[in-house]
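Visitor: I am new to this structure and would like a close look at one part of it. Please begin with a helix and its length, then follow the chain from there to the side chains that pair up.

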Amino acid sequence: FVGFIWNWPVTLLCLLGCIYFSLQLKFVQITSFSHAISLLKGTYDNPKEKGQITHFQALSAALSATIGLGNISGVAIAIALGGPGTIFWMWIIGFFGMATKYVECSLGTHYREIDPKTGEARGGPMYYISKGLGSKFKPLAYFYAVAICLAAFGAGCMFQSNQAAQALNVYYNVPTFVTGLILFILNFFVII
């Protein structure tokens, strides 16, 4: 069942969704390109604006979460399985996918909450699912929050560490537990 769902249904949903958003937003990935560059250069940065990070920091965080996992081994696997023509289709879906990312970030910003005591911003899909779609979708928002926590633990950390450890082991004979230990120590200092 999982193999079926993750084959054509998810592929078509993503493809049709990103084409729909591109058409609805009149190809925002092209028409707003100069505005995006201005945002990144800091033209619109306002120190009194709510939130803790700049536009550039927000983009960096969004991009790291979006392209980090897929670029470690996903591209290599896709090319190995589909041949060099796969790159062309990755560019096509990447172009249209920019509109989907725009929608995701816009919804996250629009439906975020600002803590009145600390001024910290909270947001994401669980917020715009419950606030944008209404209270009857709140169970879906809870499900998303739990699922993304579990996915971040497995996909975000374990998969990348495993791929790094395997590559170092195969090409340089570094024991996998040594790579794991080094990554643990480096991440400990970054997080703590």
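Guide: The expected span of a helix is 1.5 Å times one less than its number of residues. Keep in mind that this is a predicted model. Helix H2 covers residues 8-24, which makes 17 residues, so at 1.5 Å a residue the helix should span 24 Å. The C-alpha atoms at the two ends of H2 are 23 Å apart, in agreement with that value.

Just after H2 comes Lys26, which takes a positive phi of about 55°. Phe27 lies in the loop between H2 and helix H3, the latter being residues 28-31.

Phe27 brings us to the aromatic rings. A pair of aromatic rings is described by the distance of the centres and the angle of the planes. The structure holds seven aromatic pairs. One of these seven joins Phe27 to Phe96, with 6.2 Å from centre to centre and 55° between the planes, and it is tilted. The pair links distant parts of the chain, since Phe96 sits in helix H6, 69 residues apart from Phe27. Phe27 counts as partly exposed because its relative accessibility is 28%, while Phe96, with a relative accessible area of 18%, is buried; the cut-off for buried is under 20%. Ring pairs also bring in Phe95, and together Phe27, Phe95 and Phe96 form a cluster.

Helix H6, which holds Phe96, runs over residues 86-110 and also contains Lys101 and Glu104. Side chains of opposite charge can pair when their charged atoms come close. Lys101 and Glu104 do meet in a salt bridge, at 3.4 Å from N to O. Lys101 and Glu104 are three residues apart in H6, so about one helical turn separates them. An α-helix has 3.6 residues a turn, so residues three or four places apart point the same way. Lys101 counts as partly exposed at 22% relative accessibility, and Glu104 as partly exposed at 33%.

The structure holds three salt bridges. Another of them is between Lys131 and Glu113, whose closest N and O atoms are 3.7 Å apart. This pair links distant parts of the chain: Glu113 belongs to strand S1 (residues 113-114) and Lys131 to helix H7 (residues 125-133), 18 residues apart. Lys131 is partly exposed at 38% relative accessibility, and Glu113 is partly exposed with a relative accessible area of 33%. Arg122 and Asp115 form a salt bridge too, with 2.6 Å between the closest N and O atoms. Here Arg122 counts as partly exposed at 35%, whereas Asp115 is buried at 15%.

Further along the chain is helix H9 (residues 176-191), which includes Phe189. The ring centres of Phe188 and Phe189 are 5.7 Å apart and the planes stand at 75°, so this pair is edge-to-face; planes over 60 degrees apart are counted that way. Phe188 is partly exposed at 40% relative accessibility. Phe189 counts as exposed because its relative accessibility is 63%, and the cut-off for exposed is over 50%. Phe188 and Phe189 also help to make a nonpolar surface patch of about 940 Å². The other residues of the patch are Leu181, Phe184, Ile185, Val190, Ile191 and Ile192.

Terms used:
Residues numbered from 1 in each chain as written. Predicted model: local features only at pLDDT ≥ 70, side-chain atom pairs only at ≥ 80, totals over all residues. Heavy atoms only, no water. Patch = residues over 30% accessible without salt bridge, like charges linked within 9 Å, V, L, I, M, F, W, Y side chains within 5 Å. Areas by Shrake-Rupley, 256 points an atom, 1.4 Å probe, with all protein chains shown as cover. Salt bridge = Lys/Arg side-chain N within 4 Å of Asp/Glu carboxyl O. Helix = DSSP H or I, 4+ residues; strand = E, 2+ residues; numbered from the N terminus. Buried < 20%, exposed > 50% of the residue type's maximum accessible area, 1.4 Å probe, protein only. Phe/Tyr/Trp six-rings, centres within 6.5 Å; stacked < 30°, edge-to-face > 60°.
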